[in-house]
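Biologist: I am new to reading structures, and I would like to learn how labels are earned. Could we go through one together, with me asking for the reason each time?

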Amino acid sequence: MSEVRIAAEPRTTFGKGAARKIRRADKVPAVLYGHGIDPKHLTLPGHEVLLALRTPNVLIHLKGEGVDELALPKGVQRDPIKGFVEHVDLLLVKRGEKVTVEIPVTTVGDVHSDGLLDQQLVSIAVEAEATHIPTGVEVDVEGLEVGTAITAAQLALPKGATLAADPEAVVLQVSAKPVEAPEEAEEAAEAAAEGETAEAPAAE
């Protein structure tokens with residue numbers, strides 16, 4: 001997992017007015033906490049933060065006056081309309097330590113033609129080394145038949161990651177496709193027939 005280096009400035013002014021002023025300068029207020037330290041209030045460049053946060057669980061190397069630390073984003077506030085980042089909470093981490101994070105669960109392949117895929121969890125909690133957090137976990141669903149269920153314990157987690165969620169939690173299952181009632185099927189056929197009749201050209 002690569003690190004994203006972001007310049008950090010100490011922040012000495014607080015309150016809504018100060019935060020608005022920071023955002024007008026295309027910067028983001030942030031707080032760094034963890035490992036028993038007093039929270040550090042920082043100002044970060046807005047564009048770099050926005051780009052970094054596109055990667056789930058991105059490892060950020062904060063470098064600046066009074067700070068040279070690694071951190072993971074733990075809380076991100078965004079403008080509900082424009083989407084820009086308003087504030088970031090950052091968790092201080094150290095190389096070699098284990099952290100618990102949520103990683104996305106994605107599927108590859110198609111289930112059996114008689115079934116419908118019902119994915120109940122789109123992310124799963126794992127424990128991994130802070131500088132080697134996996135980007136996600138894939139589940140091969142090719143050909144899975146109706147009634148099949150995959151639990152968290154059955155996931156093939158990336159090397160170095162261990163499950164931190166309930167092992168019995170159902171991640172996905174394959175349910176049967178709904179069958180049309182005879183009346184509905186008949187109505188659909190009649191509607192189709194009427195549509196064809198209406199579209200047919202009149203006889204000369």
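Modeller: Gladly! Keep in mind that this is a predicted model. Let's begin with Glu3, which has a relative accessibility of 32%.

Biologist: What makes Glu3 count as partly exposed?

Modeller: Buried means under 20% and exposed means over 50%, with partly exposed in between. Glu3 has 32%, so it counts as partly exposed.

Biologist: How do you know that Arg95 and Glu3 form a salt bridge?

Modeller: The closest N and O atoms of Arg95 and Glu3 are 2.8 Å apart. The cut-off is 4 Å between a side-chain nitrogen of Lys or Arg and a carboxyl oxygen of Asp or Glu, so this pair qualifies. The pair links distant parts of the chain: Glu3 is in strand E1 (residues 3-10), while Arg95 is in the loop between strand E6 (85-93) and strand E7 (98-108), 92 residues apart.

Biologist: And why is Arg95 called exposed?

Modeller: Its relative accessible area is 55%. Exposed means over 50%, so Arg95 earns that label.

Biologist: How many salt bridges does a search of the whole structure find?

Modeller: It finds 4. As a general point, side chains of opposite charge can pair when their charged atoms come close.

Biologist: What makes Glu9 and Lys27 a salt bridge?

Modeller: Their closest N and O atoms lie 3.1 Å apart, and the limit is 4 Å, so the pair passes the test. Here too, distant parts of the chain are linked: Glu9 belongs to strand E1 and Lys27 to strand E2 (residues 27-34), with their positions 18 residues apart in the numbering. Glu9 has a relative accessible area of 39% and is partly exposed; Lys27, at 30%, also counts as partly exposed.

Biologist: Which side chains meet in a salt bridge at 3.0 Å, N to O?

Modeller: Those of Asp68 and Lys63. Asp68 counts as partly exposed at 42%, and Lys63 counts as partly exposed at 34%.

Biologist: Now the helix. How do you know that the buried residues of H1 line one face?

Modeller: The buried residues of H1 are Ala18, Ala19 and Ile22. Seen down the helix axis, they fall within an arc of 100°, so they line one face of H1. On the other side, Lys16, Lys21 and Arg24 are exposed. In general, an α-helix has 3.6 residues a turn, so residues three or four places apart point the same way.

Biologist: Why does Lys21 count as exposed?

Modeller: Lys21, in helix H1 (residues 16-24), has 60% relative accessibility. The bar is over 50%, so Lys21 clears it. Lys21 also helps to form a positive surface patch with Lys16, Arg20 and Arg24.

Biologist: What makes that patch of Lys16, Arg20, Lys21 and Arg24 positive?

Modeller: Lys and Arg count as positive, so a patch formed by these four residues gets that sign.

Biologist: Which residues gather in a patch of negative charge on the surface?

Modeller: Asp110, Glu138, Asp140 and Glu142 do. Asp and Glu count as negative, so the name fits. Asp140 sits in strand E10 (residues 137-140), and with a relative accessible area of 53% it is exposed.

Biologist: What makes the phi of His35 worth a second look?

Modeller: Its phi is near 55°, a positive value in a residue other than glycine. Most residues other than glycine have a negative phi. His35 lies in the loop between E2 and strand E3 (37-45), and it counts as partly exposed at 47%.

Biologist: And what is the phi of Asn57?

Modeller: It is about 55°, positive although Asn57 is not a glycine. Asn57 is found in the loop between helix H2 (46-52) and E4.

Biologist: Is Asn57 buried or exposed?

Modeller: Its relative accessible area is 17%. That is under 20%, so Asn57 is buried.

Methods:
Residues are numbered from 1 along each chain as its sequence is written. This is a predicted model: local features need pLDDT of at least 70, side-chain atom pairs count only at pLDDT 80 or more; totals for chains, interfaces and linings use all residues. Side-chain values use heavy atoms; hydrogens and water are left out. Patches are made of residues with over 30% relative accessible area and no salt bridge: like charges are joined within 9 Å, nonpolar side chains (Val, Leu, Ile, Met, Phe, Trp, Tyr) within 5 Å. Accessible areas come from the Shrake-Rupley method with a 1.4 Å probe; for residues, only the protein chains shown count as cover. The place of a charge is taken as NZ of Lys, CZ of Arg, CG of Asp or CD of Glu. Helices (H or I, at least four residues) and strands (E, at least two) are DSSP runs, numbered from the N terminus. Buried means under 20% relative accessible area, exposed over 50%, partly exposed in between (1.4 Å probe, protein chains only). The arc is that of the directions from the helix axis to the C-beta atoms.
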